[in-house]
Amino acid sequence: MLIFIVLYYETVNNELIKIPVNRIQSTSSTTENCTVSSTNVTTCDRSSNTFGKVSVIKSSTFESLINEADVYFIGTICIGTPCQSFLIDFDTGSSDLWVPSSKCSSSCSKFKKYTSSASTSYIANGNAFSISYGDGSGASGIFSIDTVTINGIAVRNQTFAECTSLSGMDGNVNDGILGLAYPSLTSGGEKPVFYNMWSQGLISQPIFSFYLNPDASASTGGELIFGDVDSTKYTGSITYIPVALQGYWEFQMTKVTVGSTSITLSGYAIADTGTTLIIGPSKLVKALNVALGGKLDSSSGMYTVSCTTRTLSSFPNVTFTIGGTDFVLTPLQYISIQKDSANRYECYSVFVPDDMEDSDDNDFWILGDYFLYWFYSIFDINNNRVGFAKSISYDWTPTVASSLFLGTATSTNTTTTVKPVQTTTTTTARPTTTTTAQKVTTTSATKTTTRTTTTAHKVTTTTTKMMITTTTTTPRKNMTSTTTPYHQHKYSRRRFNNVKH
């Protein structure tokens with residue numbers, strides 16, 4: 001998905017207005033020695049098992065996200081002094097920050113460019129940078145150091161890449177990418193932006209959370225909070241699962257079922273805001289789609305399902321069991337309805353095959369936006385865990401043409417015998433235990449929400465305390481094609497690092 005994040009902040013006498021919110025306290029952190037400044041900013045010393053003792057500001061900032069054509073979520077950041085602004089894709093599947101350079105000579109003409117000579121806070125680095133993604137795109141250039149400002153939060157001495165060459169990104173709206181995964185995924189060993197936010201005391205907790213709005217016509221497309229959780233965006237309790245391998249946000253998954261048919265027993269998955277669809281091992285995804293009555297469309301690499309010869313009730317639910325909790329996708333949550341220029345409809349399953357292994361040789365699934373739409377997600381670096389809860393948008397349903405789902409079929413191919421695959425877990429990750437946290441009421445003033453979407457495969461994310469709201473804009477590409485319902489490389493932009501195909 002493409003996410004545009006438009007940062008929003010206000011200033012009074014050139015000072016950022018900080019909006020206090022109640023925060024969920026980590027079980028491994030304590031607060032002490034709080035002081036209040038003359039500008040009513042509360043700063044506290046906090047201990048962390050991961051980061052040691054740091055001083056943090058008890059405040060929040062808000063950022064707006066734009067949901068473009070249900071494919072991307074993008075926001076705005078600034079680099080340098082004075083600020084040079086860029087549209088950025090916030091990516092939980094990578095860890096580098098890069099933007100085009102004013103010295104860029106390849107495929108950069110349409111993008112905003114960073115000019116180091118125009119920034120008084122620029123520090124030269126010069127080490128080479130290169131990154132490639134699973135969609136075939138890539139970027140290269142050199143590392144530099146400067147101040148990175150996200151919705152008024154100034155992260156100083158941040159190492160990032162200014163790119164002199166881009167490939168496969170001609171259709172992109174965003175200028176660059178800001179990765180939110182673990183440091184092990186960085187290309188140059190630099191400290192990621194989120195880690196610097198925390199270590200510089202700019203956020204209250206090393207967590208972040210996402211709310212993605214599935215309604216593309218809504219004025220609010222989603223929300224990204226750095227440093228906190230928005231309890232108004234989910235219902236019920238949160239299921240937390242330990243991170244199995246620190247790089248992407250990867251965790252163990254108990255099973256996948258279609259109706260009463262088991263597709264796999266045990267496995268691994270990552271939560272990836274940078275992937276539109278849900279991707280899994282080819283054999284398992286084929287079995288899943290067969291159980292749905294789907295047929296492979298070789299032109300798109302996706303499976304089609306019939307929306308005209310079958311009733312909606314003939315499609316079973318698809319359930320991902322994670323940490324002992326069933327996360328259920330209903331038919332209209334996993335069927336993508338596309339219309340071509342002749343007003344003919346084609347329906348696709350959002351489950352797409354792709355064989356990938358992590359650095360421990362484990363096959364894994366990518367739970368992209370079509371999973372995260374329905375389940376609020378929390379990424380906790382301090383405790384190395386991922387959390388999911390039912391989104392407030394779970395019961396939202398798209399408008400369906402009256403000509404669809406009028407068939408006479410009443411049952412689908414759910415009786416097909418599919419042998420469950422038992423995955424052997426060889427990782428040395430800590431055991432998969434489930435903990436649930438009851439919904440915590442969070443108070444905040446005028447939140448602006450954001451959504452970050454980026455590369456996927458194993459996903460590891462970080463959080464700073466910031467809110468982002470998204471608004472829908474005109475799609476940058478034709479989303480009604482029946483042959484390619486999604487731009488070829490936009491249903492998954494996976495960062496190649498410790499991932500084997």
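**View 1. The annotated active site in the predicted model.** An unreviewed UniProt entry assigns the feature "active site" to Asp91 and Asp272. The coordinates shown here are those of a predicted model. Although these two positions span 182 residues in sequence, their C-alpha atoms are no more than 7.8 Å apart, so the annotated residues gather at one spot.

**View 2. Surroundings of Asp91.** Asp91 belongs to strand E9, which covers residues 84–91. With a relative accessible area of 0%, Asp91 is buried. A polar contact of 2.7 Å links the side chain of Asp91 to the side chain of Ser94.

**View 3. Surroundings of Asp272.** The second annotated residue, Asp272, is found in the loop that connects strand E20 (261–271) with strand E21 (278–280). The relative accessible area of Asp272 is 0%, and the residue is therefore classed as buried, the cut-off being under 20%. Its side chain makes a polar contact with the side chain of Thr275, at 2.6 Å.

**View 4. Asp96 in the loop after strand E9.** Asp96 is placed in the loop between E9 and strand E10 (97–100). This residue is buried, its relative accessible area being 1%. The side chains of Asp96 and Ser187 form a polar contact at 2.8 Å.

**View 5. Strand E19 and its pairing partners.** Strand E19 comprises residues 249–258, and 8 of its 10 residues are buried, so the strand is largely enclosed by the rest of the structure. Strand E18 (residues 245–246) runs antiparallel to E19 and is joined to it by 2 bridges; Leu245 has Glu250 of E19 as its bridge partner. The connection from E18 to E19 is a hairpin through 2 residues. E19 also pairs with strand E24 (residues 318–322), in the antiparallel sense and over 4 bridges. Within that pairing, Lys255 stands opposite Thr321 of E24.

**View 6. The hairpin of E19 and E20.** E19 and E20 run antiparallel and are joined by 8 bridges. Thr264 of E20 is the bridge partner of Val256. Between the two strands of this hairpin are 2 residues, and Gly259 in the turn adopts a positive phi of about 60°.

**View 7. The largest nonpolar core.** This core contains 88 residues, and those with the most contacts inside it are Ile278, Phe320, Ile322, Phe351, Trp365, Phe371 and Phe388. Both domain 1 (18–25 + 65–203) and domain 2 (230–403) give residues to the core, so it lies between them. Apart from this core lies another, of 14 residues, including Cys104, Phe129, Ile131 and Ile177.

**View 8. Contacts of Phe320.** Phe320 is one of the residues with the most contacts inside the largest nonpolar core. Leaving aside residues up to four places away in sequence, Phe320 touches Met253, Lys255 and Val256, together with Ile278, Thr325, Asp326, Phe327, Leu329, Phe351, Trp365, Leu367 and Phe371.

**View 9. Helix H2 and the residue that follows.** Helix H2 covers residues 282–291, and its buried residues are Leu284, Val285, Ala287, Leu288, Asn289 and Ala291. In an α-helix there are 3.6 residues a turn, so residues three or four places apart point the same way. After H2 comes Gly293, which has a positive phi near 80°.

Technical notes: Residues are numbered from 1 along each chain as its sequence is written. This is a predicted model: local features need pLDDT of at least 70, side-chain atom pairs count only at pLDDT 80 or more; totals for chains, interfaces and linings use all residues. Side-chain values use heavy atoms; hydrogens and water are left out. UniProt positions are given in the numbering used here, feature names are shortened, and annotations may be inferred rather than shown by experiment. Buried means under 20% relative accessible area, exposed over 50%, partly exposed in between (1.4 Å probe, protein chains only). A polar contact is a pair of N or O atoms within 3.5 Å; within protein, one must be able to donate a hydrogen and the other to accept it, and residues adjacent in sequence count only if both atoms are side-chain atoms. Two strands pair if DSSP finds at least two bridges between them. A nonpolar core is a set of buried Ala, Val, Leu, Ile, Met, Phe, Trp, Tyr and Cys residues joined through side-chain atoms within 4.5 Å. Domain bounds come from an automatic or database domain assignment. Contact means heavy atoms within 4.5 Å.
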